[in-house]
Amino acid sequence: MAEINCTQVTEFSLTGFTEDPVAQVTLFLMFLLIYLFTVLGNVGMIALIRASPQLHSPMYYFLGNLAFADLCSSTVITPKMLVDVMSKKKGIAYAGCVAQVFIFDLFGMTECFLLAMMAYDRYMAICHPLVYPLVMSPKYCFQLVTGSYLVGLTNGMGQTIGMSHLSFCSSSVIDLFFCDISPLISLSTSDTTLSHVILRTSASLFGVSSSLVVLVSYVAIISVILGIRSAEGKRKAFSTCASHLATVSIFYGTSLFMYLKPSSDSSREDKWAAVLYTMVTPMLNPLIYSLRNKEVKEALRR
């Protein structure tokens with residue numbers, strides 16, 4: 001009966017980081033700089049890959065799509081957060097919250113599979129170099145990227161459908177700076193069984209499968225590198241996947257810290273973990289490939 005009489009909320013309130021005006025200005029400037037670096041870095045990486053013939057290879061094709069996914073996932077959250085940092089009323093409409101959940105989950109899972117495809121690409125390049133040009137053809141790479149976006153779309157639609165079945169009556173305060181599916185499920189006053197099933201199925205089916213591709217690929221890569229006798233040969237083989245390994249470590253490290261860490265009484269820790277996952281990681285990816293990759297450095301010089 002309580003569910004029938006409840007009034008569905010039309011707007012959610014988002015909690016901020018601090019009420020101190022000086023701290024708010026400091027945070028605004030810091031987040032603005034991070035977002036500008038994210039946009040410039042990822043747009044620059046996409047433009048560089050398109051403009052440089054020496055970067056027209058499967059690895060950089062995947063990297064260009066990774067930069068696009070980073071740009072989209074950051075843009076759906078950061079501009080709204082920048083406005084909220086300097087505002088007294090930090091709110092988001094129900095439709096805007098649904099859009100954030102859909103787009104963030106879409107590109108988040110897409111990035112997961114793009115990183116898995118990049119690990120598979122490095123596996124083929126190091127473990128099977130003779131058949132690499134034949135296997136990693138432009139058509140096959142396009143199919144892998146399209147499949148990654150379709151998996152991301154499936155994840156985004158699934159989470160959105162799960163959210164559409166939730167009722168929010170008793171409280172509309174999300175203790176975070178953006179709409180994420182986990183706190184929304186906790187906030188709901190209705191039966192959350194379907195949402196939990198979708199969330200766990202998505203994490204198990206998509207998250208675990210992409211992680212296994214990365215893990216198996218790098219186990220095979222490391223075993224091949226260890227079998228190389230010369231130190232120079234080992235160095236060259238490792239250098240071809242060092243940038244991707246750093247990107248994978250940052251992405252999965254921050255993801256695990258965000259979603260699998262023990263529950264804490266401190267919401268401040270949760271918020272800064274979310275900042276690391278949603279804002280810092282998309283900024284670091286283009287920097288890693290720019291600083292550690294000789295081909296990218298050469299293309300930038302040209």
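Visitor: What makes R122 and D121 a salt bridge?

Guide: This is a predicted model, and in it the side chains of R122 and D121 come to 2.8 Å, N to O. The cut-off for a salt bridge is within 4 Å, so this pair qualifies.

Visitor: Why is D121 called buried?

Guide: Buried means under 20% relative accessible area. D121 has 0%, so the label fits. R122 is at 8%, so R122 counts as buried too.

Visitor: How many salt bridges does a search of the whole structure find?

Guide: Three. Another one joins K89 and E11, with the closest N and O atoms 3.7 Å apart. That is still within 4 Å, so it counts.

Visitor: What makes K89 and E11 a link between parts of the chain?

Guide: Look at where they sit. K89 is in the loop between helix 4 and strand 2 (91–93), while E11 is in strand 1 (residues 11–14), so the pair ties together parts that are 78 residues apart in sequence.

Visitor: Why is K89 called exposed, and what is E11 called?

Guide: Exposed means over 50%. K89 has a relative accessible area of 62%, so K89 is exposed. E11 has 35%, which lies between 20% and 50%, so E11 is partly exposed.

Visitor: Which residue forms a salt bridge with D84?

Guide: That's K80, with the closest N and O atoms 2.8 Å apart. Both residues lie in helix 4, four residues apart, about one turn of the helix. In general, an α-helix has 3.6 residues a turn, so residues three or four places apart point the same way.

Visitor: Is D84 buried or exposed?

Guide: Buried: D84 has a relative accessible area of 7%, and the cut-off is under 20%. K80, at 24%, is over that cut-off but not over 50%, so K80 is partly exposed.

Visitor: Which residues of helix 4 are buried?

Guide: In helix 4 (residues 78–85) they are T78, M81, L82, D84 and V85. They cover an arc of only 165° around the axis, which puts them on the same side of helix 4.

Visitor: What makes L33, L36, F37 and L40 a patch?

Guide: They are nonpolar and on the surface, with about 420 Å² of accessible area together. To join a patch, nonpolar side chains have to be within 5 Å and each residue needs over 30% relative accessible area. F37 lies in helix 2 (residues 21–51).

Visitor: How confident is the predictor in the chain?

Guide: The protein chain averages a pLDDT of 83, and 89% of the residues score at least 70. Among the elements, helix 1 (residues 2–5) has the lowest mean, 54, and helix 3 (residues 58–75) the highest, 92.

Technical notes. Residues are numbered from 1 along each chain as its sequence is written. This is a predicted model: local features need pLDDT of at least 70, side-chain atom pairs count only at pLDDT 80 or more; totals for chains, interfaces and linings use all residues. Side-chain values use heavy atoms; hydrogens and water are left out. pLDDT is the predictor's confidence in each residue, from 0 to 100. Helices (H or I, at least four residues) and strands (E, at least two) are DSSP runs, numbered from the N terminus. Patches are made of residues with over 30% relative accessible area and no salt bridge: like charges are joined within 9 Å, nonpolar side chains (Val, Leu, Ile, Met, Phe, Trp, Tyr) within 5 Å. Accessible areas come from the Shrake-Rupley method with a 1.4 Å probe; for residues, only the protein chains shown count as cover. Buried means under 20% relative accessible area, exposed over 50%, partly exposed in between (1.4 Å probe, protein chains only). The arc is that of the directions from the helix axis to the C-beta atoms.
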